[in-house]
Amino acid sequence: RNTTEITDFENIVRLDDEFHKLCFEIEGHLSLLAKAQRLRLGAWLRKLSETTTHIVWKRNRNKYTRLMLDQLRGGRLQQPYDAQPPEGPLRTLPSWLSAKYSSTGPYSGCGLVSGSGNNRQAKNAATCPMSASANLASYLGIAW
């Protein structure tokens, strides 16, 4: 075997491993959603789970999956997850859409704010959407 084949195989394994970890985390959020949203995301997960050995498709699949998880963490499903997945192969996820929710995106600093004063917490609450878990806790009146 040549080095390129081994590197490609290692990348495919890494991408598949990342995908499975993302799906595991996504599944933890699904029970917090309304039935229609659960069914729609289930259709997306089935679409994203289609078997392929094409490395470029796997990278694109993982971008879609990270976007889904980021939107679930943000407590709001938006494009493309506000509709059923398209028929046929997925188009490449636009870079502006994946950047919008990436770890360097606008919500990257969200989460619990440590430090003194309610001003920082109030600012954080005003600029960062609540996670699905925090939304549910708020709805149920449970401290989160």
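What is the volume of the second largest pocket? I hope these points help as you look over the model, which is a predicted one.

1. **The pocket.** To take the opening question first, the second largest pocket has a volume of about 240 Å³. Its lining is made up of 15 residues. Nearest the centre of this pocket you will find Trp44, Tyr64, Pro80, Pro86 and Arg91. By character, the lining splits into 10 nonpolar, 3 polar and 2 charged residues. Several of these names come back below.

2. **The overall fold.** There are 6 helices and 0 strands in the protein, giving the pattern α-α-α-α-α-α when read along the sequence. Of the contacts with a separation of 6 or more, 63% are between residues 24 or more positions apart.

3. **Surface and burial.** The protein has 144 residues, and 33% of them count as buried. Its accessible surface is about 9,600 Å², with 54% of that belonging to carbon and sulfur atoms.

4. **The stacked pair.** A search of the whole structure turns up 2 aromatic pairs. In one of them, the rings of Trp44 and Tyr64 have centres 5.9 Å apart and planes at 25°; the pair is called stacked because that angle is under the 30 degrees used as the limit. This pair links distant parts of the chain, with Trp44 in helix α2 and Tyr64 in helix α3 (residues 55–74), 20 residues apart. Both partners are below the 20% limit, so they count as buried: Trp44 has a relative accessibility of 2%, and Tyr64 has a relative accessible area of 6%.

5. **The edge-to-face pair.** Trp44 also pairs with Tyr81, this time edge-to-face, at 4.8 Å centre to centre and with 70° between the planes. Since Trp44 lies in helix α2 and Tyr81 in the loop between α3 and α4 (95–100), the pair ties together parts that are 37 residues apart in sequence. Tyr81 is buried, as is Trp44. Taken together, Trp44, Tyr64 and Tyr81 make one aromatic cluster.

6. **Met68, a residue in touch with the cluster.** Is Met68 buried or exposed? With a relative accessibility of 0%, Met68 is under the 20% cut-off and therefore buried. Met68 belongs to helix α3. Leaving out residues up to four places away in sequence, Met68 touches Ile26, Leu41, Trp44, Leu45, Leu48 and Tyr81. Two members of the aromatic cluster, Trp44 and Tyr81, are thus on that list. The C-alpha atoms of Met68 and Pro80 are separated by 8.8 Å, and the two residues are 12 apart along the chain. Pro80 is also among the residues nearest the centre of the second largest pocket.

7. **Lys47, a charged residue worth a look.** Which residues is Lys47 in contact with, leaving aside its neighbours within four places in sequence? They are Trp57, Pro85, Pro86, Glu87, Gly88, Pro89 and Leu90. Lys47 sits in helix α2 (residues 35–48), the helix that also holds Trp44. Its relative accessible area is 9%, which is under 20%, so Lys47 counts as buried. Pro86, one of the contacts of Lys47, is also one of the residues nearest the centre of the second largest pocket.

8. **Coming back to Trp44.** If you pick one residue to centre your view on, Trp44 would be my suggestion. Trp44 is among the residues nearest the centre of the second largest pocket, belongs to the aromatic cluster with Tyr64 and Tyr81, and is touched by Met68.

Terms used
Residues are numbered from 1 along each chain as its sequence is written. This is a predicted model: local features need pLDDT of at least 70, side-chain atom pairs count only at pLDDT 80 or more; totals for chains, interfaces and linings use all residues. Side-chain values use heavy atoms; hydrogens and water are left out. Helices (H or I, at least four residues) and strands (E, at least two) are DSSP runs, numbered from the N terminus. Buried means under 20% relative accessible area, exposed over 50%, partly exposed in between (1.4 Å probe, protein chains only). Contact means heavy atoms within 4.5 Å. Accessible areas come from the Shrake-Rupley method with a 1.4 Å probe; for residues, only the protein chains shown count as cover. On a 1 Å grid over the protein atoms alone, a cavity is a set of points where a 1.4 Å probe fits but cannot get out, and a pocket is an open set with protein on both sides within 12 Å along at least five of seven lines; lining residues have an atom within 4 Å of a point. Grid points are joined across faces, edges and corners, and a volume is the space filled by probe spheres set on the points. Ala, Val, Leu, Ile, Met, Phe, Trp, Tyr, Cys and Pro count as nonpolar, Asp, Glu, Lys and Arg as charged, and the others, Gly among them, as polar. Rings of Phe, Tyr and Trp (its six-membered ring) pair if their centres lie within 6.5 Å; planes under 30 degrees apart count as stacked, over 60 as edge-to-face and the rest as tilted.
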